[in-house]
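Student: Please take a close look with me at a single part of this model, the packing of helices, and go slowly, since I am new to reading structures. After that, please connect that part to its wider setting.

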Amino acid sequence: MTSIQLKNIKKSYGKTEVIHGIDLDIPSGEFCVFVGPSGCGKSTLLRMIAGLEDVTAGDLLIDGARVNGISAAKRGLAMVFQSYALYPHMSVRKNLSFGLENINLPKAEIKSRVEDAARMLQIDGYLDRKPGQLSGGQRQRVAIGRAVVREPRAFLFDEPLSNLDAELRVATRGEISALHQRLGNTMIYVTHDQVEAMTMADKIAVLRAGRLEQFGAPLELYNAPANMFVAGFIGSPRMNFLKAGLIAGAGQTILRLQDGQDIALSTDRFGRPASRPAVMGIRPGDLEITDSDAPLHMQVTAVEQLGSESILFGTSPCDEELVVTARGQTAVRVGDRLNLRPNPDAIHVFDAQSEESLALQ
Amino acid sequence: MTSIQLKNIKKSYGKTEVIHGIDLDIPSGEFCVFVGPSGCGKSTLLRMIAGLEDVTAGDLLIDGARVNGISAAKRGLAMVFQSYALYPHMSVRKNLSFGLENINLPKAEIKSRVEDAARMLQIDGYLDRKPGQLSGGQRQRVAIGRAVVREPRAFLFDEPLSNLDAELRVATRGEISALHQRLGNTMIYVTHDQVEAMTMADKIAVLRAGRLEQFGAPLELYNAPANMFVAGFIGSPRMNFLKAGLIAGAGQTILRLQDGQDIALSTDRFGRPASRPAVMGIRPGDLEITDSDAPLHMQVTAVEQLGSESILFGTSPCDEELVVTARGQTAVRVGDRLNLRPNPDAIHVFDAQSEESLALQ
Amino acid sequence: MIAEMAAALLQAQWLYLAIGYIAIGAALTRAQGTGAWLMGVLGWPMELAQRFAGQGPQPYLFLLPNVLVFGLFTFAPLFMNMGFSATEGSSILFQDRDWAGTDNLVRLLGETQPDTGAENREDDKFLRAVTDTAVFVVFQVPIMVLFALITALVLNRDIAGRGFWRSIFFYPVMLSPVVVGFLWTLILKRQGVLSVTLMQWGWIDAPIQWLTDPGWTMFWSVFVYTWAHLGFYMLILLAGLQAIPADLYEAAEMDGTSPWRALTHITIPLLMPTLLVVFVLSLIKAFQAFEELFAMQVSWISVVAYIFETSGLRGTPTTHGLGIAATASLLIAAFLGLLSVLQIALSGKGAR
Amino acid sequence: DEIDFLCYQDGTECDVIAELSARFTEETGHVVNTNIVSYEVIRDQLLKQLQAGDTVPDLARVTDLGGMAPYFLDIAPYVDSAYYEANFAATLPWMRPAGDTAGIYGWPGMGATGPFVNLTMFEDAGVDVPEAGATWDDWVTALTEVKDTLGLDAAFALDRTAHRWAGPAFSFGAKFMDDTGEPILVDDGFRTIAELFIDWHKSGFMPVEGWPAGAGTSFRNAAPLFLNGQVAMHFGGSWLINSYDSNITDFDWKAVPVPCGEGGCGAMVGGPAVAGFKSTDHPEAVAKFIDFMAREDIGAEYHAKTQSIPAHAGLQQTGIEYQGASARVADALNVFADNALKAATTTPQAFAFQGYPKNFVIYGVVPDYLTKAINGEVSLDEALAAIDADVKAKIAE
Amino acid sequence: MWAFLTRTQGRGRLTLVDWLSYGYLAFGFLLIFIPVVWLGLNSVKTAFQIERQDISLIPGDYTRVARATVQGPDGKRIFFITDLPDWVLNWRDLSAADQAAQDVAGFLSAQTGDAALALRSHLGQTEPQALAVIAAQGLPDWLPRYRTMSASAKAEVNIEAALAGLSPANDRLLREFTGLYPGARLTSQILVSAPDPQTGEIRQWGVSNIDIKRAFTPARPVDAVNAKVTKLPTASLQADRNVQIAWENYIDPLSGSSYGVTVDFTRCLTNSVIVTIVGTAITLLINSMAAFALSKYKFRGQVMFLALILATLMVPPTITLVGVFKAIQATGISGSLWGIIIPGSATPAGVFMLRQYMLTLPDELIEAARMDSASEWKIFWKIVAPLALPAIAALGILSIVWRWNDLIVPLVAVATVKEAYTIQLCLLEFRGEHTSQEHYRLAMTMVSLIPTTLVFVFLQRYITTGIANSGMK
Ligand SMILES: Nc1ncnc2c1ncn2[C@@H]1O[C@H](COP(=O)(O)OP(=O)(O)OP(=O)(O)O)[C@@H](O)[C@H]1O
Ligand SMILES: Nc1ncnc2c1ncn2[C@@H]1O[C@H](COP(=O)(O)OP(=O)(O)OP(=O)(O)O)[C@@H](O)[C@H]1O
Ligand SMILES: [Mg+2]
Ligand SMILES: [Mg+2]
């Protein structure tokens with residue numbers, strides 16, 4: 001069992017710093033997902049942990065031991081690459097055993113490990129095929145198998161599903177979760193797809209432009225995003241953001257929307273913050289369409305019927321964009337005006353300046 | 001305004017027939033989506049309509065005139081390719097005007113058309129850039145612009161969104177819908193993503209292995225799939241299928257599941273079919289988790305928490321896979337046993353042999 | 001000078017034909033645009049053909065000029081060689097040559113002369129050329145492939161000034177074979193720098209005839225030929241190396257693979273298809289080796305040199321030389337053809 | 001008429017002809033366009049063009065008289081045959097196609113092979129240059145002494161072709177041609193010289209850059225060896241005189257009479273001729289021009305200016321006033337003219353062999369096998385047998 | 001700088017493999033450029049140096065001294081004349097105009113004794129003086145022809161009688177002129193200083209040649225007459241060199257005044273430029289057309305065409321040269337530049353390389369253009385050709401190199417038409433049958449390298465990336 005700690009890790013390419021000091025503590029056995037938009041430094045971070053990239057500054061600790069200068073081979077980690085990086089000229093069996101041969105493991109040991117892994121990943125049927133003769137999903141599993149046989153201290157995955165089509169992606173992400181449950185190893189998983197992050201992670205690290213924005217369990221991030229970036233990034237469709245003024249009144253704090261509607265905030269969740277310009281965040285599923293009067297109004301501009309749910313796109317009176325999801329099939333047409341009532345427990349408020357959440361943690 | 005008719009269209013490459021006789025009638029002004037799994041012949045069909053591929057047999061009519069032998073250039077259609085197929089060495093302006101120059105349109109006319117289209121698609125800011133200097137979404141719009149300037153009788157789209165990332169895909173699909181509303185041209189749109197099909201189409205044609213499975217409005221396909229293939233293909237997560245026996249009883253028809261549970265079927269929807277082996281279909285959202293007794297049971301094997309909804313994966317007592325979606329965040333854990341009550345109005349029944357729906361149309 | 005150049009090209013009939021062609025094109029195509037106007041106009045017969053005959057014949061029209069030139073200047077000569085091979089006499093005019101059937105083959109390979117019954121010498125010469133060439137090929141090809149590979153591997157490393165080094169090694173490819181021969185002759189002739197320098201260093205006592213000493217001539221033939229062509233194959237191998245995805249090496253690194261094992265177990269196997277192409281191409285080239293060797297006046301005769309000399313292309317032709325050489329050339333062409341079929345077969349298998 | 005004249009030159013021959021042709025134009029009104037090309041072109045390309053019949057010049061200065069004879073224009077109808085028979089009797093037959101004995105096919109030139117020696121080397125070595133009439137043995141002794149004294153790499157060089165080899169071979173009694181005009185190559189004389197020749201190479205008397213360095217039938221010029229002072233004697237030919245005169249400034253040299261042997265003092269004769277081609281459209285102009293060049297006064301001027309030996313018997317007799325020629329050039333010309341005359345009397349096979357239309361076969365075959373014998377690839381006997389067989393085969397073809 | 005040189009994968013310092021790599025590259029660099037540099041050095045050596053196979057790095061001749069041999073009634077005298085002006089020493093290397101410009105008579109009148117005789121002969125004055133004497137004294141008119149008369153003709157005249165009664169000086173002159181005395185001669189030898197092996201004193205010597213391969217060099221002391229030859233250890237010789245860069249090796253052929261060569265080198269350059277430019281243009285046009293057809297269409301016979309084109313790779317033109325010759329003759333383009341341009345314009349490697357590249361261009365672009373009503377020709381030159389530009393550029397460079405370096409086709413096409421000679425043919429001209437203008441050849445070879453080297457220097461990026469990426473496989 002392996003814990004991985006990052007202490008003020010920095011990375012520069014030439015003069016440009018791309019990772020600006022990240023602290024992260026991944027406890028042993030956890031499935032940790034790095035998520036963030038493209039180019040935010042996820043891969044770089046992962047590759048530094050793997051030892052494929054030098055750490056410019058800071059300490060990288062595996063099981064408490066500093067490994068900054070230690071070569072990739074000696075860190076005892078295994079990595080699954082986005083492109084799988086299977087050796088195309090070797091059979092699946094050879095792909096799996098190559099790394100073991102490198103460390104001069106006894107033949108019998110190699111054989112048993114390879115066969116165990118193959119059985120576990122259900123690739124034992126084509127151990128003698130070349131990677132080129134496998135489908136995308138099968139290759140994926142071979143790549144994982146290659147990591148598994150090495151019995152590494154931790155697994156590193158770099159967007160391992162991005163080359164698969166939608167259906168296979170869903171299936172494989174289930175398999176990886178199952179693998180984690182079975183092996184119990186520490187795993188670090190990089191993706192830019194928040195759905196993957198939500199469904200697989202024990203802990204999610206949200207990165208933006210080389211900085212860690214928030215680190216926590218998936219629902220923690222969903223329910224209590226630390227800032228607007230995390231709030232917008234996690235959850236689909238995206239959270240609605242409406243400009244508002246936070247007015248610290250006598251007994252209560254109210255949020256005054258641009259069209260003058262007021263929404264009271266519970267002190268339980270927000271305490272008593274000072275007045276300031278703010279942004280109200282509300283997820284599309286937390287808006288209820290109601291016939292009675294409601295603080296929010298929307299002119300429908302597009303309706304997407306997915307059968308099981310409907311997504312309504314529209315604009316607020318102040319021309320801010322709004323999205324609402326409704327269960328089932330809706331009769332709402334483009335051009336309809338809707339009254340929307342936000343679920344008061346699901347309202348998020350962010351400082352307009354710093355974009356930090358004002359909710360009490 | 002242009003109608004397109006396909007009369008028993010067939011296509012063979014050498015000796016292998018890939019389109020086995022398709023009849024389709026696309027009325028003028030309609031947004032028609034071809035959907036189906038990879039390799040089912042969607043692109044081939046579209047390319048035959050475009051004139052890029054010969055029709056092996058059958059008649060292809062545009063506005064009632066047979067166009068089988070007429071070259072692509074003369075059919076007056078415009079096509080947007082999956083890879084956009086922008087001329088990489090020409091500026092955006094040149095890309096847009098190239099087709100117009102080929103038909104020797106006056107310079108002034110070309111200029112005004114290009115500028116109108118560019119304004120409409122909001123690409124007028126970078127008319128002098130090369131496609132390589134544009135983002136994916138911008139390229140997409142240029143590709144559409146190139147089609148628009150030609151003022152074609154109909155637009156053909158071949159998976160135009162598949163190269164975009166998830167967020168951009170959602171945005172662009174809205175734009176294409178808007179374009180259709182504005183121009184009102186007939187449009188044929190190929191995709192293998194059922195969400196795209198559902199959200200954009202006036203009519204969806206579901207194809208499988210060169211055959212037309214069903215043709216109808218999106219919710220028609222969702223609510224009344226003609227067969228198991230369509231039922232499984234449309235809707236996400238996929239419809240659950242459970243083996244069952246259809247037993248035509250005295251007064252009522254019942255569906256007996258493998259574990260012996262009975263579900264009564266309403267005669268309104270199914271009439272009085274004869275007894276036979278059947279398959280019951282129920283969408284994940286149409287199963288309600290209940291504490292009381294219910295005909296379906298599920299052992300939970302995985303839980304995916306998306307925040308706004310939860311997807312529960314599990315197995316029935318007879319080891320059939322089941323998926324249930326629940327609103328919001330759930331407390332269900334892996335290993336829990338759930339009782340599930342199907343929404344009786346949402347039950348689909350298919351003949352086990354032919355896989356055709358037994359519902360009355 | 002300009003006028004001279006113009007005059008050289010503008011021989012009247014060409015000029016008028018060209019002007020006519022372009023004028024018709026300009027009238028027909030109404031091409032617009034300034035820079036590319038000529039290209040728009042040049043293709044008017046093709047556009048006309050497309051208007052009347054549709055798209056079907058277009059590919060043939062695109063091929064036509066090239067195939068015409070090939071036909072006239074490559075295939076026609078090859079067929080003429082067949083003709084020469086089947087006839088006898090010293091004339092290059094077919095009407096002055098008599099039918100010979102397979103006599104030329106007998107003259108080339110037979111033990112006795114078909115005309116006199118005397119002992120035939122030509123076969124010895126030809127076989128000598130073939131065996132010498134074979135020796136050359138056997139040494140040259142592996143050595144060149146090996147060094148091309150080493151060079152490519154070195155240049156594929158993250159080395160300072162890679163582009164510079166790459167072009168340096170390519171430079172000899174740009175030199176004409178005659179110049180290559182001349183350059184090295186300057187160094188290798190008996191009184192040349194190499195001999196003298198080695199003598200000054202006391203490594204040899206007397207100047208060595210590098211190019212004609214039977215012990216050295218093959219060495220230097222191989223050396224110079226490799227020197228001149230290495231760059232080309234190095235470039236192909238380099239492209240092959242760069243096509244190997246970098247993440248394979250990262251995966252190997254994670255797998256704890258030593259650099260040597262990475263080379264032998266990953267690089268070389270993955271480079272195999274390219275290596276094969278390089279191998280066969282250089283094999284074909286080596287069999288055709290002629291110009292550099294001829295320019296250096298090495299003391300052995302390659303097959304092509306044999307054909308060149310026997311056919312009377314240099315010096316005065318012998319009576320049947322032309323026919324014999326033509327026969328030999330057909331044999332060689334057939335052999336090389338076989339090699340390339342082998343290549344296509346092998347590379348087809350390599351590409352799986 | 002305008003006629004095209006394709007010409008190659010060893011020195012200034014073509015320039016002089018072009019100069020003289022201006023006078024011809026004045027006299028007759030015919031214009032001669034002289035096109036100067038390299039020797040390789042004449043040797044390798046002209047015959048093929050003649051065969052192909054396209055873009056052929058009207059006349060040319062050629063050396064392969066036997067091979068091109070079928071294409072030569074017979075100018076007898078336009079000229080006074082008797083003049084030619086009187087003055088060019090020895091060389092006219094070289095240009096005649098087989099069987100023809102009367103036709104006049106051009107203006108023959110004359111050249112002869114023979115040795116040049118490096119006088120400075122002899123002086124420095126303190127060895128006397130053997131006198132006229134000295135035998136090969138005398139020469140070998142003298143040259144070896146020079147070589148040893150001065151520490152030369154080699155003493156004697158001979159161009160790699162049987163044309164040069166023939167002269168010494170004649171001296172040792174090789175016949176080359178029998179009385180019926182058929183070649184008999186390998187006889188005792190031939191064997192003797194061949195043996196010697198191999199010895200000479202083994203002992204270092206002859207240079208390794210020469211015959212041993214050549215491959216197949218290729219020609220190798222030994223002049224550079226003489227030019228840069230590597231050998232004391234070069235067996236070359238009269239065409240070298242000009243080049244040596246202008247290029248050698250750092251030693252004294254002279255042409256010496258051909259060494260003699262039991263077979264006589266053998267030198268090979270030959271020389272380029274100016275001939276017209278049948279395909280010409282202006283046979284009369286061509287004939288007139290050839291006749292012009294063959295005139296005694298024009299010939300005297302031509303030879304004086306080009307510093308070459310006349311084939312014209314009258315001019316040979318009277319001698320030519322070589323204007324501006326240095327003493328050694330004039331002497332050398334005299335020596336070579338003498339060599340040719342001597343050949344006519346003592347080794348007449350030289351003329352027969354030069355007129356033999358397939359002599360070029362032998363030129364290549366002999367070096368090919370002799371080189372193999374020199375390099376020890378085959379024994380002398382094998383080489384001689386092979387020469388015999390190969391020549392027979394090639395000639396029979 | 002050091003950081004740049006030692007930069008590696010980013011991890012660690014230079015390893016042993018890195019050092020080996022740089023060593024290998026440096027070695028390769030030397031191996032590749034030594035011959036070229038050597039050619040460059042040699043190309044500015046004087047004709048004499050080249051002829052002497054002087055392998056010194058320095059262009060320029062040794063300091064020389066005149067050695068005279070005079071033969072008279074009283075025997076042969078060998079002696080040195082020092083301090084001669086350069087124009088006298090190099091008299092025979094001077095052009096006729098330069099010779100005429102010198103005051104020969106004045107110089108000779110200042111000379112005395114044997115030196116005067118030797119110099120008279122050396123400066124070519126024997127003949128004019130003798131002819132003048134013959135004319136002045138009314139001597140027989142066969143005298144000027146005497147030395148080239150046949151032996152029988154000589155026997156018919158009485159030379160002694162003709163010469164009787166002349167003054168000793170004139171007698172001497174005419175005896176030399178008629179060859180009765182061997183002519184006085186002057187050669188230029190290398191002036192060296194070296195210790196006398198006998199006495200050990202440093203002396204000046206005249207030697208023929210300094211050949212460091214020989215242990216001993218025969219030499220004569222400059223200050224003695226008829227001295228015996230001394231064998232000096234070659235290593236002990238001290239000789240001065242006059243560094244002299246022989247630009248005339250370049251200037252003469254380029255200005256058309258090279259001795260003994262009738263080739264107009266500027267003409268050759270012009271022709272080569274025309275052939276290269278026009279040939280490359282045609283090659284690019286027709287090869288890319290063919291490649292377009294073979295890569296972007298499906299048509300009957302496609303495979304056959306491709307196979308045929310590949311098959312042409314197997315047939316080196318060298319072995320079908322007679323046929324090529326006939327074909328060029330038959331098409332009537334022989335003897336003109338078209339005869340060089342056309343046959344080489346279809347290159348199998350070029351077609352193949354372009355085809356491979358065009359295969360990577362997406363078909364959708366062509367379909368898009370068809371939807372855009374473009375004709376096939378327009379698709380070719382407006383869409384495919386511009387997109388294949390990297391490959392076309394690579395082929396263009398190769399084609400330039402091939403064309404510039406081609407020898408075989410020009411040889412069969414225009415060998416007898418000097419006006420159409422290309423540079424490679426012209427280079428052959430310097431290698432005559434009996435005379436060799438090696439110094440010109442060296443210089444002109446250097447000139448012929450200029451365009452390819454320029455192409456190389458300026459386009460190397462395109463060469464290496466273009467060729468490597470155009471699937472030359
Ligand atoms: N070798 C390199 N040299 C310079 N900059 C680099 C290098 N590799 C990555 N970068 C920069 O570092 C930043 C982070 O890159 P990284 O690959 O880690 O992003 P990512 O989060 O993995 O993105 P993606 O989701 O697209 O894979 C990017 O801005 C990138 O441009
Ligand atoms: N040129 C061709 N030659 C032979 N078979 C072809 C050709 N083009 C397509 N096919 C076959 O025709 C079938 C239909 O192909 P098509 O491209 O229309 O599928 P598609 O529905 O567009 O798939 P995708 O979603 O992957 O684009 C496939 O089985 C394919 O293999
Ligand atoms: Mg990444
Ligand atoms: Mg498709």
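Tutor: Two parts of a structure are said to be in contact when heavy atoms of one lie within 4.5 Å of heavy atoms of the other, and we shall need that cut-off at every step. Please keep in mind that this is a predicted model. Of the eight pairs of chains that touch, chains C and E have the most contacts between them, and that pair is a good place to begin.

Take helix α7 of chain C, which covers residues 122-156, and helix α2 of chain E, which covers residues 16-43. Two packed helices are described by the angle between their axes and the distance between the axes. For α7(C) and α2(E) the angle is about 125 degrees, and the axes are 10 Å apart. The two helices are therefore oblique to each other, and the crossing in which α7(C) passes α2(E) is left-handed. On the chain C side, the residues that meet the partner helix are Phe147(C), Ile150(C), Thr151(C), Val154(C) and Leu155(C), while α2(E) brings Ser21(E), Tyr24(E) and Leu25(E). Sorted by class, this contact of α7(C) with α2(E) holds six nonpolar residues, two polar ones and no charged ones.

Helix α7(C) also packs within its own chain, against helix α13 of chain C, which runs over residues 259-287. Here the angle is about 140 degrees and the axes are again 10 Å apart, and α7(C) and α13(C) are therefore oblique to each other. The crossing in which α7(C) passes α13(C) is right-handed, whereas the one with α2(E) is left-handed. Among the residues that α7(C) brings to α13(C) are Thr133(C), Phe136(C), Val137(C), Gln140(C) and Met144(C), and those that they and their neighbours meet include Leu263(C), Leu271(C), Phe279(C) and Phe287(C). By class, the contact of α7(C) with α13(C) has 16 nonpolar, four polar and no charged residues.

A third pair, inside chain E, gives you another arrangement to study. Helix α19(E), residues 376-387, packs with helix α20(E), residues 389-405, at an angle of about 70 degrees, with the axes 5 Å apart. That angle makes α19(E) roughly perpendicular to α20(E). Ala385(E), Pro386(E) and Leu387(E) in α19(E) meet Leu389(E), Pro390(E) and Ile392(E) in α20(E), and the residues of this contact divide into six nonpolar, no polar and no charged.

Now for the wider setting, where some pairs of chains do not meet. Chain A and chain D are joined by no contact, and their closest C-alpha atoms lie 48 Å apart. Chain B and chain D do not touch either, with their nearest C-alpha atoms 49 Å apart.

Chains A and B have ligands beside them. Around ligand 1 are residues of chain A that include Tyr13(A), Cys40(A), Ser43(A), Glu159(A) and His192(A). A polar side-chain atom of Tyr13(A) is 3.5 Å from a nitrogen atom of ligand 1, a polar backbone atom of Cys40(A) is 3.2 Å from an oxygen atom of the ligand, and an N or O atom in the side chain of Ser43(A) is 2.5 Å from an oxygen atom of ligand 1. Ligand 2 is surrounded by residues of chain B, among them Gly41(B), Lys42(B) and Thr44(B). Gly41(B) offers a polar backbone atom 3.0 Å from an oxygen atom of ligand 2, the side chain of Lys42(B) has an N or O atom 2.8 Å from an oxygen atom of ligand 2, and a polar side-chain atom of Thr44(B) lies 2.4 Å from an oxygen atom of ligand 2.

Finally, look at the backbone of these two chains. Most residues other than glycine have a negative phi, and most peptide bonds are trans. Yet a cis peptide bond joins Ser236(A) and Pro237(A), with omega about -10 degrees, and Pro237(A) sits in the loop between α8 and β11 of chain A. In chain B, a cis bond joins Ser236(B) and Pro237(B), with omega about -5 degrees, and Pro237(B) is found in the loop between α9 and β11 of that chain. Asn8(A), in strand β1 of chain A, has a positive phi, near 50 degrees.

Technical notes. Residues are numbered from 1 along each chain as its sequence is written. Chains are lettered from A and ligands numbered from 1 in the order in which they are written. This is a predicted model: local features need pLDDT of at least 70, side-chain atom pairs count only at pLDDT 80 or more; totals for chains, interfaces and linings use all residues. Side-chain values use heavy atoms; hydrogens and water are left out. Axes are lines fitted to C-alpha atoms, for helices over the stretch in contact, and angles run from 0 to 180 degrees between N-to-C directions. Helices (H or I, at least four residues) and strands (E, at least two) are DSSP runs, numbered from the N terminus. Angles under 35 degrees count as roughly parallel, over 145 as roughly antiparallel, 65 to 115 as roughly perpendicular and the rest as oblique. A crossing is left-handed if the near helix is turned anticlockwise from the far one by less than a right angle, and right-handed if clockwise. Ala, Val, Leu, Ile, Met, Phe, Trp, Tyr, Cys and Pro count as nonpolar, Asp, Glu, Lys and Arg as charged, and the others, Gly among them, as polar. A residue is near a molecule or strand if one of its heavy atoms lies within 4 Å of it. A polar contact is a pair of N or O atoms within 3.5 Å; within protein, one must be able to donate a hydrogen and the other to accept it, and residues adjacent in sequence count only if both atoms are side-chain atoms.
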